[in-house]
Amino acid sequence: MPTQPTLRNSGIFFALTGAVSIMVALILGSDGLRPDLIPALVGDDLTTSDETIVYALRLPRALTAFAVGGLLALCGVLMQVLLRNPLADPYILGTSGGAASAALAAMLFGFSGAMIDIAAFTGASVATLIVFGVGGLRSQFSPPILLLTGVVIATGFGAVVSFMLAVSDDATLRGMLFWLMGDFSLALNPTPALWVLGLATLVAVVAAPHLNILAESEQRARLLGLRVVPMRIGVLLLASFLCAFAVTQAGAIGFVGLVVPHMIRRFTGFDHRRLIPSAVFAGGALLCLADAFSRTVLAPRQLPVGTLTAAIGVPLFLYLLGRRYTQRASS
């Protein structure tokens with residue numbers, strides 16, 4: 001596995017970056033920057049209106065965006081380990097589309113709460129299993145098969161979503177469209193997302209030594225006694241659950257799982273004991289800032305946060321894809 005320079009104390013650095021992003025989200029609004037809110041927050045000297053804006057609206061939204069960004073980044077790391085492919089991403093592989101279409105169908109049938117979460121997890125798992133079904137859990141994916149399968153699956157679920165939107169009434173259509181493209185306007189309780197993020201990160205960090213071996217070589221993993229197939233199935237289920245939970249919180253937000261792990265590896269290297277916590281903090285910071293700008297760029301109108309992540313992710317994906325095939329052609 002190639003080596004590269006790493007950033008010492010990367011976890012602390014990106015944790016501070018995440019804290020700064022949340023602070024920016026709190027002081028950035030339709031009326032511009034409000035630096036005066038920072039000392040007021042510390043000293044509990046907010047006016048009634050400012051207290052409502054910060055604690056009832058901006059803080060829950062910022063924390064939810066941070067948690068969802070961390071979940072998507074962690075999901076991207078796990079999928080890239082699973083397939084040993086830096087182009088793997090829950091959005092590109094159709095996992096997000098499967099979760100979104102299943103959750104949307106549950107909403108249309110009148111379900112709510114835990115039933116939507118179960119539907120989203122089922123949809124994400126089905127989409128990911130279809131991808132694996134093409135090559136099999138015991139075999140390796142080639143990038144062309146992986147990308148082609150993911151595009152086909154995403155297109156198929158996109159058609160399902162389009163059908164459900166077409167039969168929906170006008171009163172709910174706009175809200176559904178915003179939710180599908182990424183929307184935190186209804187994020188009022190970040191606690192479940194933060195708990196899921198914390199527990200999933202802890203599990204992934206504990207499993208990091210095994211992930212390092214699995215990412216390096218499947219043959220070496222078997223020689224060292226690692227049960228490869230159960231490990232891959234466990235990683236698959238965890239990644240599907242994280243993607244589904246993120247979708248239920250804010251809709252289908254793309255490319256966070258692709259952009260963040262790729263960028264963070266330049267600072268942390270390939271050791272997942274460093275990569276995972278750094279990617280979680282960086283993913284949270286990215287989505288928190290993206291949401292803050294999406295609600296302020298065209299204020300009082302709000303942009304779907306997925307439009308900003310796609311603006312970053314699409315060029316980077318094309319660059320990575322082109323560089324990958326250029327390297328293969330020259331080798």
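In which hand does H8 pass H13 in their crossing? The legends below take up this question within a predicted model.

**Figure 1. Overview of the chain in the predicted model.** The secondary structure of the chain consists of 14 helices and two strands. Of the 331 residues in the chain, 50% are buried. Among contacts with a separation of 6 or more, 78% join residues that lie 24 or more positions apart. The chain has an accessible surface of about 15,400 Å², and carbon and sulfur atoms contribute 69% of that surface.

**Figure 2. Close-up of the packing of helix H8 against helix H13.** Helix H8 spans residues 191-206 and helix H13 spans residues 272-294. Their axes lie 9 Å apart and form an angle of about 160°. Because this angle is over 145 degrees, H8 is roughly antiparallel to H13. The crossing in which H8 passes H13 is right-handed, which settles the opening question. On the H8 side, the contact is made by Leu197, Thr201, Ala204 and Val205; on the H13 side, their partners are Ile276, Pro277 and Val280. Sorted by class, the residues of this contact comprise six nonpolar and one polar, with no charged residues.

**Figure 3. Close-up of the packing of helix H8 against helix H9.** Helix H9 covers residues 208-216. The axes of H8 and H9 are 4 Å apart, at an angle of about 60°. The two helices are therefore oblique to each other. Ala204, Val205 and Val206 represent H8 in this contact, and they meet Ala208, Pro209 and Leu211 of H9. By class, the contact of H8 with H9 holds six nonpolar residues, no polar residues and no charged residues. Ala204 and Val205 of H8 also take part in the contact with H13 shown in Figure 2.

**Figure 4. Close-up of the surroundings of Thr248 in helix H11.** Helix H11 runs over residues 228-250 and includes Thr248. Is Thr248 buried or exposed? Thr248 has a relative accessibility of 16%. Since buried means under 20%, Thr248 counts as buried. Which residues are in contact with Thr248, leaving aside its neighbours within four places in sequence? The residues in contact with Thr248 are then Ile116, Asp117, Ala120 and Trp179.

Conventions:
Residues are numbered from 1 along each chain as its sequence is written. This is a predicted model: local features need pLDDT of at least 70, side-chain atom pairs count only at pLDDT 80 or more; totals for chains, interfaces and linings use all residues. Side-chain values use heavy atoms; hydrogens and water are left out. Buried means under 20% relative accessible area, exposed over 50%, partly exposed in between (1.4 Å probe, protein chains only). Contact means heavy atoms within 4.5 Å. Accessible areas come from the Shrake-Rupley method with a 1.4 Å probe; for residues, only the protein chains shown count as cover. Axes are lines fitted to C-alpha atoms, for helices over the stretch in contact, and angles run from 0 to 180 degrees between N-to-C directions. Angles under 35 degrees count as roughly parallel, over 145 as roughly antiparallel, 65 to 115 as roughly perpendicular and the rest as oblique. A crossing is left-handed if the near helix is turned anticlockwise from the far one by less than a right angle, and right-handed if clockwise. Ala, Val, Leu, Ile, Met, Phe, Trp, Tyr, Cys and Pro count as nonpolar, Asp, Glu, Lys and Arg as charged, and the others, Gly among them, as polar.
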